[in-house]
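Here is a quick tour for anyone meeting this structure for the first time. Take a look at the sequence and the model, then read on.

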Amino acid sequence: MKEPTFHHRSTLKQKNKPFKSRFATKSSQRDKAKGRTQRASVKGKVPRKHSRLDRRNAVRTEQRKKREQLAMATRIFSGRHRAPKIVAVVPLCADSDTRALVRALFAAGDAPYAAGALLDVPRFKQTLRFVEVGRHALDILDAAKAADYVVVALSAHTEVDAFGEHCLRAMQNQGHAGVFPVVQGLDHVAAKRRMDVRRSLQSFVAHFCPDAEKVHAVDAPVEGLAVLRMLTAQAPRAVRWRDTRPYLLADDVDFAPSADSADRGLLAITGYLRGANLSANRLVHVPSFGDFQIEQITAEPLAMEPARGSAIDADDSAGVVLDRPDPAQQDSLVAANEPDAMQNEQTWPEDHEMAGWDAQMAQMDADEQRVVRVPRGTSAYQAAWIAEGSEGSDASDDDSMDSGSSADGYSDEDPDADEYEDLRVAPASTAASEHGSDDDGNLLSADEEAAQLRAYLQQRAEQSRSDQQFPDEVDTPLDRPARERFARFRGLQSFRTSPWDAYENLPLDYARIFQFENFRRTQQRVLRAAAQAPVRVGARVRVVLRDVPRAARAQFAQGRPFVVFGLHQYEHQMSVVNFAVARTPEYAGAVRSKDPLVAHYGFRRYVVQPLFSQHLRGGATVNNVHKFERFLQPGQPAVATAFAPIQFGAAPVALYLPEPAEGAVPTLVATGKTLDVSPARIVAKRVILTGAPYKIHKRGAVVRFMFFNPEDVGWFKPVQIYTKHGRVGHIRESLGTHGYMKCAFDGPIKQMDTVCMNLYKRVFPKWTTCLWAEHEQTAEQLRQWAGPTAASSDNNGEDNDTGKDSASLAMEVG
């Protein structure tokens, strides 16, 4: 007879939870990592078990969506009127020759080289446009903003200098669609060392661009053809901040002066529209020149292939007007409101109150002047420096008291009366301010100015270190009551939650800015409206702008990349813009709040004086109060607040010094991105008053050196105090006449502890924002943007000053 086997009941068996990945087997984890598309569960529906056919259909749907997205991204690069892919060729080394590199690529594509010409590759059914730039940082950044690919030219003999490294960091910060490193001169290197050179350059490029998998060469036609194949076969990577707005790299620029002025007129820009759709009702931003209105947009098609059969293409006719602005809907050039200083005035002076005011002002001006008796021919400026009581002749005071003296104090029978005259002059201080001081001629030498500059920079560095070690600590003044020195400060029980009205005591500059009731909703509405613009992406158009300076045409005539960007609605208006920034490790100097900096954010460049404040990772506080930072400290992210034009969407930000520091490399101070547009953000400057415990008894203590008179103690009595070791308390009463005070804490304090009091005051940015114009900078300020060989480089090509003349342009616009 078989013995019965023992087993547990099925209810006692352990069942692992299927969603716990740590209980999954290695085979199941490998199956999940095979690239299968997992169908996302739909909330609100009854879950049901999907069959294998349903899962296959879900995967095919996802694949079809990805194919459609890829086709939409590359559709403008195919067809008869296809747009060319923009390839920026950037020299990173001093001996890099961009023209030789582009010539090699033209030779690989069996096409003759021409500066600024398009390279049509019928083999791959693609068209490329190479933008050759020299060793100039601004040209490199502008070309990279509009480029689909960036080809960096490396040298097999010379290493990348500091200027080339800065260009790589700047392009990495602003975003690019893809980098292709190409080495030149590799055929002149020994065969056994070529692989080592490639590995070294690959390691260098991978530090800045990890996506660059290989360093290419164009010395042989086969290698150049491989580079062309990669440029034409791949789809450009999306750059979100750039692809949400229209931009255009100019193929040709024409200028027609207006009838009123020869220096301003119509500027016609011809090129392929990229990024997003364009409307004639929106504004166009020209770097270094500002924003301008559109006169009209016409079609300028350029066929890459002949028409098939007898088909007639309607786009072949050039000059067709695609869009004209509507005067009722066109954006205005008004960037700021005009504040009314009398808007909040409740009373107006009456006529009887204003009576006699002019006479009183004239009498006040006369009282400030005095009568001086000087020799004839003496100027009023010379007479102003005569001391009080020394005017007139050398007669003694006794002579002036004679009975025969006149009312003016001078004798009626003075024999020298014809040689002197009376002059009414202003005080000497006023004359000195108008005509300049005698000390103006005592200028400092170059060595003394350099020594004072070094002392000033050393003082700023010491202040920055002191602020980092003892942030916001301020000594109470001895010669001035603290209630007067800190009259504009307030105490907060909780920095996070204490209420603070964001619209109280605003400066007059806040009446000039624009504010949105709901910024996110407005941004979504503006972007949806921009997608319905009539001029579509990929079309070759001619955009005519109004009232543009002639200098804009001269910039294109120099062979430099000329890129213009279209603005969304409201992006021309000024507001309070916040940037999330962090210091770069390469710059070691002190960066103080309200220091003038050149902000490159998105496609615009402005000179700003930002306020730095703390950047909270978890978002804003309950009361939207953020602590002011006196210095931008390394390793600590901050928010820079400044008056600037509105920017929809996150855009890269780079802060530069207006003038170069030591060396010829552009001085990059901080990098980041735009955070939001919020005038309601409160930047509170904190001041910490410190005192020392004098006597301690249990939870009470006598504190001194925080204040120096009993009136200040009573004034700041409601403010909460704390210690650096974590105790919290309050002031009970004043003790004596020297500022001693009795305090109570929530526990015993130590003798070595420090008693602190926090006071806060709201600070505002300065209205000093202005457009950074390259043609208005001095030679010393422009020196930092040019590379070591920019002056002698001839890689920019010849002057391509072609196109229609001004008369034909004026007739066309009509």
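Tyr456 counts as partly exposed, because its relative accessibility is 45%, and partly exposed is the class between 20% and 50%. You'll find Tyr456 in helix H14, which covers residues 446–469. Together with Leu453 and Leu457, Tyr456 makes a nonpolar surface patch of about 310 Å². Keep in mind that all of this comes from a predicted model.

Now for the whole chain. The protein chain has 814 residues, and 42% of them count as buried. There are 20 helices and 31 strands in the protein chain. The accessible surface comes to about 46,000 Å², and carbon and sulfur atoms hold 50% of that. Taking the contacts with a separation of 6 or more, 79% are between residues 24 or more positions apart.

Asp161 gives you a taste of such long-range contacts. Asp161 sits in the loop between strand S4 and helix H5 (162–174). Leaving out residues up to four places away in sequence, Asp161 touches Leu92, Arg135 and Pro788. Pro788 is 627 residues away from Asp161 along the chain, yet their C-alpha atoms are separated by 9.3 Å.

Strand S4 brings us to a sheet. In what order do the strands of the open sheet of 6 strands come? The order is S2-S3-S1-S4-S5-S6, and the pairing is mixed. Strand S2 (118–121) and strand S6 (216–217) stand at the edges with a single partner strand each, so one side of each has no neighbour in the sheet. Further in, strand S1 (residues 85–91) and strand S3 (residues 126–132) run parallel and are joined by 5 bridges. If you want to trace this pairing on screen, start at Lys85, whose bridge partner in S3 is Leu128.

Helices pack on this sheet too. Helix H7 (residues 221–233) touches S1, S2, S3, S4, S5 and S6, and its direction makes about 105° with that of S3. Helix H6 (residues 194–208) lies across strand S4 (149–155), strand S5 (179–184) and S6, and runs at about 135° to S4.

On to the charged side chains. How many salt bridges does the count come to? The count comes to 27 salt bridges. Here are a few of them, with the N to O distance for each:

| Salt bridge | N to O distance |
|---|---|
| Arg560 and Glu774 | 3.0 Å |
| Lys627 and Glu629 | 3.4 Å |
| Asp243 and Arg242 | 3.6 Å |

Let's start with Arg560 and Glu774, whose side chains meet at 3.0 Å. Arg560 lies in the loop between helix H17 (551–557) and strand S16 (563–566), and Glu774 lies in the loop between strand S31 (770–771) and helix H19 (779–782), so the pair ties together parts that are 214 residues apart in sequence. Arg560 counts as buried because its relative accessible area is 13%. Glu774 is buried as well, at 11% relative accessibility.

Asp243 and Arg242 also meet in a salt bridge. Are the two partners buried or partly exposed? Asp243 is partly exposed, because its relative accessibility is 27%. Arg242 is buried, because its relative accessibility is 3%.

Lys627 and Glu629 are both buried. Their salt bridge doesn't stand alone: Asp472, Lys627, Glu629, Arg630 and Arg686 are linked in a network of salt bridges.

Finally, have a look at two backbone oddities. Ser288 has a positive phi of about 75°, although Ser288 is not a glycine. The place to look for Ser288 is the loop between strand S9 (284–286) and strand S10 (290–292). Ser288 counts as buried because its relative accessible area is 6%.

Tyr570 also has a positive phi without being a glycine, with a value near 75°. Tyr570 lies in the loop between S16 and strand S17 (574–583). Is Tyr570 buried or partly exposed? Tyr570 is partly exposed, because its relative accessible area is 28%.

Notes. Residues are numbered from 1 along each chain as its sequence is written. This is a predicted model: local features need pLDDT of at least 70, side-chain atom pairs count only at pLDDT 80 or more; totals for chains, interfaces and linings use all residues. Side-chain values use heavy atoms; hydrogens and water are left out. A salt bridge is a side-chain nitrogen of Lys or Arg within 4 Å of a carboxyl oxygen of Asp or Glu. Buried means under 20% relative accessible area, exposed over 50%, partly exposed in between (1.4 Å probe, protein chains only). Helices (H or I, at least four residues) and strands (E, at least two) are DSSP runs, numbered from the N terminus. Two strands pair if DSSP finds at least two bridges between them. Contact means heavy atoms within 4.5 Å. Axes are lines fitted to C-alpha atoms, for helices over the stretch in contact, and angles run from 0 to 180 degrees between N-to-C directions. Patches are made of residues with over 30% relative accessible area and no salt bridge: like charges are joined within 9 Å, nonpolar side chains (Val, Leu, Ile, Met, Phe, Trp, Tyr) within 5 Å. Accessible areas come from the Shrake-Rupley method with a 1.4 Å probe; for residues, only the protein chains shown count as cover.
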